[in-house]
Amino acid sequence: MTPIPDDLKRRQTVLVGDLEQLDTHPVPSWDDARLAFLSDLSRALLAAPGVREFPDVVTFAYWCRKANLQALKDKLSRPERLQMGLGLVFHICPSNVPINAAFSLAFGLLAGNTCVLRLPSASTPTLDLLVETLKTLLNTPEHANLQSALFMLRYERDDDVNAYWMGCADGRIVWGGDETVQRMRAYPAPAHSREVMFTDRYSLCVLKVEAVEGLGDEELNAFCQKLYNDIYLMDQAACSSPQLIAWVGDGERVRKAQDKLWPVFADFADERYLLEPIQSMDKFVEASNNACTNTHIQSVKRQGRSLYRVQLDGLSSDQSACRGYSGTVHEVTLGTLEELTPSVTERYQTLTYFGYGPDEVSNYAKTAHLRGVDRIVPVGQALDMDAIWDGFDVIASLSRIVDVR
Amino acid sequence: MSDEKTQTTLMDWPTFGLGCEEKQNFFLPEMRRLTAHHMSACAPYADIIKKFGYDTDNIETLPDIPFLPVRLFKQQRLLSVPDAEVVKTMTSSGTSGQSPSQIFLDKTTSSLQVKVLSRIMTDFIGPKRLPLLVIDCEATVANRKRFSARTAGILGFSMFGRNVTYALDDDMSLNTERVQAFLDKHKDQDILVFGFTYIVWLHFVKALEQSGRTLDVNKGVLIHGGGWKQLADQAISTTEYKDRIANVCGMTRLHNYYGMVEQTGSIFMECEHGHLHASAWSDIVIRDPIDFSPLSVGESGLIELLSVLPHSYPGHALLSEDMGTILGHDDCACGRKGVYFEVKGRLEQAEVRGCSDTYSR
């Protein structure tokens, strides 16, 4: 690759690494040194003072602990095969879910690549902690070998800097929604380069009415905890947070189940969720806006301080445009799962379910020939990031299988 | 016909003479009438009211009146008259990156705005038209088809002045010769000075300071408004603002006003004691910034602005994104009745969120 021109160098801040040492030679995927590095990163993050205040960091740290990485390797790698990284992978990291930069890095490293990450321009406590921990770790003798393979940058909107990195990357990962993805695709890339693009997605939750009816007090509380995690932990800004709650069952029974669930859930959320005034205003504006533009909306109910319930009399083909943040759920009652089919587009990502078995839902997705829905997980696991995401194996996508005979 | 009757009755109200209890007899029925009017005349408004489940048959107090978020005017075209009756479309300045608000005025509303503004001004500067120095440039008012907040403000206040003189050239530079000539001409008279808070600061105060010149405007009364945000960003306090104006031109009578383009005309003027006052035609409610429940005197929250002026658009009750506190009712030392309050700045803006914002931040 061509050396970085000085004026481009000046326009970026290197937070982790020294670009003079950048080495684009790939290593085999699932390399032991990288597994060791990531499991040490896990340990270092969990030992960081105050880390408990960052549930997202803790989640990542658990994900990349040694046992889990080994399990992942057992599941996804084929040891009899030679699988290698591509070389240099450039990452555009997301700002709505800061911790995904860490996952992105882990995927790129495990695939066997040198990773250059562009972090979101606004600093966040999550990323500050990640950067500091990585810096310390790279300075230890056992991980010094990764100094040439791991870089984190920040720079303001800059066509030239983007063009430079996109122009020399063997692979690129863009977390950023449709607009960013289209913009990044427009930069010329080497012909052989691979891309992993995360576009705008829409997620929903299906609840079987019988299952909610049957919940005892304690179970109801446990269920609220799971639903709360899915909806509130990322302020609904994560693509996998449910936007739509589809109740499946008879209308009258659904109404009763709603009266059972939502008051308890709203109290649960009010006790835990810290809604900022601006979020409350944004929700109000959004709900008012929707009330006068979406004819499917029957009512907008504020339940407690933290929850808006937007009740729909049916689904529209552009349901995925109907989003909310910080605790705004759109609710619809359906007779059967099949009634979802017409509105499920390729935009649909995560379907969380309650009252169904995974086979039931996946069988539905299969027989209905759904274009969308890439994840089918129980309520409570909407935000569980993994190497299979948005419908592909990210690590496989960023590596080469060398056909050896 | 009925509109004219309303106007006459409205104009009988004493500008700052209604105590809060007495005011309920005038203001509340009119607000109920407006709510019903907009329900029947503006479909999007009716949709919101119905879908949010407001009980419009039982409005007992001001906080019971359904309110819209003021930002909605940036996103929806809200009007309660046929398009053909729109005589003026006002637009807000619009924070960068946002589309501006659009406010549609018919004859009735526009005439009410003028009358009410005039009554409020009379209370502060007397009924006589004073020579008016506008701290802005003439180009700002050149395009009369689309009204920005600045255009509306300048034209609105120009009606209370005579011999209107613009202090700034069209490139926003201060024309001290023109201002001096105006001052010479109106020597020993009270004069009215009008400008937007930040423009007065940047293009008058700082311009004079930089040139090292001073002007003698000690007989001037400055009416200024339009937000302190830019000054707050530069850490300019109200005291410093006043002091430095006094330094460059000897002007010590200053009245800040608070209001928004969405309710033009019903401005809240700052009295001699530094308190903002609602006139007979407007009122405010302070609401909890999270759940919007009404708060009591002394508690800080979102300012909801109420006004009986908007007939052509459903803007009679608007929840702003400004924070403020009610200081008291009926007992300000200046003698004006009604509610008085202070503004404490804007709601802190949210981070841009969502999947599509990776690169825009």
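**View 1. Helix H5 of chain A is largely enclosed by the rest of the structure, because 12 of its 12 residues are buried.** The model shown here and in the other views is predicted. H5(A) runs over residues 100-111. Its buried residues include A:Asn100 and A:Ser104. A:Phe103, A:Leu105, A:Phe107, A:Leu109 and A:Leu110 are buried too. So are A:Ala101, A:Ala102, A:Ala106, A:Gly108 and A:Ala111.

**View 2. The span and the end of helix H5 of chain A.** How far apart are the end C-alpha atoms of H5(A)? They are 16 Å apart. At 1.5 Å a residue, the 12 residues of the helix should span 16 Å, so the two values agree. A:Gly112 follows H5(A). The phi of A:Gly112 is positive, near 105°.

**View 3. A:Asp56 in helix H3 of chain A.** Helix H3 covers residues 55-63. Is A:Asp56 buried or exposed? Its relative accessibility is 14%, under the 20% cut-off, so A:Asp56 counts as buried. The side chain of A:Asp56 makes a polar contact with the side chain of A:Thr126, at 2.8 Å. Leaving aside residues up to four places away in sequence, A:Asp56 touches A:Ile99, A:Thr126 and A:Met234. A:Thr126 thus appears in this view both as a polar partner and among the residues touched.

**View 4. The interface of chain A and chain B.** Chain A contributes 47 residues in contact with 34 residues of chain B. The size of an interface is often given as the accessible area lost when the parts come together. Here the area buried between chain A and chain B is about 3,600 Å². Carbon and sulfur atoms give 59% of that area.

**View 5. Salt bridges and polar contacts between chain A and chain B.** How many salt bridges does the rule find across this interface? There are three. One salt bridge joins B:Arg71 and A:Asp282. The closest N and O atoms of this pair are 2.7 Å apart. Between the two chains, nine residue pairs are in polar contact, with both residues at pLDDT 80 or more.

**View 6. The side of chain A that touches chain B.** Helix H8 (177-185), helix H12 (277-293) and strand S10 (297-303) of chain A each supply at least two residues of this side. Which element gives the largest share? H12(A) does, with 13 residues. By residue class, this side of chain A divides into 22 nonpolar, 14 polar and 11 charged residues.

Definitions and conventions: Residues are numbered from 1 along each chain as its sequence is written. Chains are lettered from A and ligands numbered from 1 in the order in which they are written. This is a predicted model: local features need pLDDT of at least 70, side-chain atom pairs count only at pLDDT 80 or more; totals for chains, interfaces and linings use all residues. Side-chain values use heavy atoms; hydrogens and water are left out. Contact means heavy atoms within 4.5 Å. Buried area is the accessible area (1.4 Å probe) that two parts lose on being put together, summed over both. A salt bridge is a side-chain nitrogen of Lys or Arg within 4 Å of a carboxyl oxygen of Asp or Glu. A polar contact is a pair of N or O atoms within 3.5 Å; within protein, one must be able to donate a hydrogen and the other to accept it, and residues adjacent in sequence count only if both atoms are side-chain atoms. Helices (H or I, at least four residues) and strands (E, at least two) are DSSP runs, numbered from the N terminus. Ala, Val, Leu, Ile, Met, Phe, Trp, Tyr, Cys and Pro count as nonpolar, Asp, Glu, Lys and Arg as charged, and the others, Gly among them, as polar. Buried means under 20% relative accessible area, exposed over 50%, partly exposed in between (1.4 Å probe, protein chains only). The expected span of a helix is 1.5 Å times one less than its number of residues.
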